[in-house]
Structures are given as C-alpha cells and as structure tokens.
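Please open the entry in your viewer, choose a ribbon display, and keep the selection panel at hand. The stops below are meant to be taken in order, each beginning with something to select.

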Amino acid sequence: PEDGCFRWVQKHDYVDFFREEIAVREEVVYPPFCRLALVRVESNKEERAIRAVTEMRTAADRIVRDENLKDITILGPAPAFMRRLRGRYRWQMLVKGRRVGVLNGLMSRQKTFFESRRYPGVKLVIDVDPLSTL
C-alpha cells in the first residue's frame, strides 16, 4: 500500500501516474527506453539448467566486452519466478539493449552457442520483448 502507484489509483489520476512511471523507466532504462530479451533454460535436473545458463552468461559477457556493446545490460542468471514448473527447473537471464538489431544479434549468438554445446535434457527459450518475465 505504500507504493506510489496506489496514490494515483486512489485519485484516478492516470496522467500523473504515467508521468512518474515513465520518468522511472527512463532512469533505469526499461521499456520503452530499451528492448528486453528473456533467456530461459529448463531442465528436469536443476544442476543442468544452472550450468547451461551460467555458461551462456559467460559467453554473452565475452561478446559484450569484446565487441564493446555498451548499450547491452545483462541481469542474472537467477531462478525464474516459478523456479520449478511441471517438473522442470527454470533459470533465466534478462538482457536489456537500446538497439533492437544489436539485441537480436546477441540473441542469435546465444542460440548458436547453446546449440553448439548440446546440453542434454535442457531446453532453451528466448523471448524478445516478453509480455512477462515470470
């Protein structure tokens, strides 16, 4: 109840809510000031999921560093909000980028890296502009 959005809801003031929210999003570089990509791995063995997502993060960090991709930010890896769903463990990274072409290029390379490693029993899901990060 202490969150600022409730103040605007009580007043039915969506204009001021928008002004406040858009300023925060610009400051922390969230949409619409960037594009997002959710990189999630799933496996029935949690250690396999953790290994795959950790190695993918290392590979992504190397690409970002070597190619000087200053507008890319990688958050995670971390367990997904619903860490275990239907018997599968889910770990993820959130990647932020200001330029969609650069973000898509990095995601293409993440997919290639994953496929080249052949992680047994691990599934990769890449969602650019996800509707939810859950």
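In what order do the four strands of the open sheet stand? Before selecting them, keep in mind that this is a predicted model. The order of the strands is 2-3-1-4, and the pairing in this open sheet is antiparallel. Strand 2 and strand 4 stand at the edges with a single partner strand each, so that one side of each has no neighbour in the sheet. If you look at how the strands are turned, direction ignored, neighbouring ones differ by 20° on average.

**Along strand 3**

Select strand 3, residues 88–97, and then add strand 1, residues 35–43. These two pair in the antiparallel sense, over nine bridges, and one place to see this is leucine 38, which stands opposite leucine 94 in strand 3.

Now add strand 2, residues 72–85, which runs antiparallel to strand 3 and is joined to it by eight bridges. Three positions let you follow this pairing: isoleucine 72 stands opposite glycine 97 in strand 3, isoleucine 74 has valine 95 as its bridge partner there, and arginine 84 has tyrosine 89. Is strand 3 mostly covered or mostly exposed? Strand 3 is mostly covered, since nine of its ten residues count as buried.

**The turn between strand 2 and strand 3**

Move next to the hairpin of strand 2 and strand 3, where two residues lie between the strands, and select arginine 86, whose phi is positive, near 55°. Most residues other than glycine have a negative phi, and most peptide bonds are trans. Arginine 86 counts as exposed because its relative accessibility is 77%, and exposed means over 50%.

**The helices on the sheet**

Show helix 3, residues 46–66, which lies across strand 1, strand 2, strand 3 and strand 4 and runs at about 170° to strand 2. Helix 4 also packs on the sheet, where it touches strand 1, strand 2, strand 3 and strand 4, and its direction makes about 175° with that of strand 4.

**The nonpolar cores**

Which residues touch the most other members of the largest nonpolar core? Select Val41, Ile72, Val95 and Leu106, which have that place among the 24 residues of this core. At least two residues come from each of strand 1, helix 3, strand 2, strand 3, helix 4 (100–117) and strand 4 (122–128), and helix 3 gives the most, with seven residues.

Apart from this core lies another, made of five residues, among them Val29, Cys34, Leu36 and Leu38.

Return to isoleucine 72 and display its surroundings: leaving aside neighbours within four places in sequence, isoleucine 72 is in contact with Val64, Val95, Lys96, Gly97, Val102, Leu103 and Leu106.

**Rings and a charge**

Lysine 96, one of those contacts of isoleucine 72, is worth selecting together with tyrosine 30, because the two can be viewed as a pair: lysine 96 lies over the face of tyrosine 30, at 4.4 Å from the ring centre.

For the aromatic pair, of which the count comes to one, select phenylalanine 114 and tyrosine 119. The centres of their rings are 5.4 Å apart and the planes are at 35°, so this pair is tilted. Are these two residues buried or exposed? Phenylalanine 114 is buried, with a relative accessible area of 9%, and tyrosine 119 is buried as well, with a relative accessible area of 7%.

**Backbone stops**

Where are the cis peptide bonds to look at? One joins proline 31 and proline 32, with omega about 10°, and proline 32 is found in the loop between helix 2 (14–27) and strand 1. Another cis bond runs from glycine 76 to proline 77, with omega near 15°, and proline 77 lies in strand 2.

Finish at histidine 12, in the loop between helix 1 (4–11) and helix 2. The phi of histidine 12 is near 55°, a positive value in a residue other than glycine. Histidine 12 counts as exposed, at 70% relative accessibility.

Conventions. Residues numbered from 1 in each chain as written. Predicted model: local features only at pLDDT ≥ 70, side-chain atom pairs only at ≥ 80, totals over all residues. Heavy atoms only, no water. Phe/Tyr/Trp six-rings, centres within 6.5 Å; stacked < 30°, edge-to-face > 60°. Buried < 20%, exposed > 50% of the residue type's maximum accessible area, 1.4 Å probe, protein only. Lys NZ or Arg CZ within 6 Å of the ring centre and 35° of its normal. Core = buried A, V, L, I, M, F, W, Y, C linked by side-chain atoms within 4.5 Å. Contact = heavy atoms within 4.5 Å. Pairing = 2+ DSSP bridges. Axes fitted to C-alpha atoms, helices over the stretch in contact; angles between N-to-C directions.
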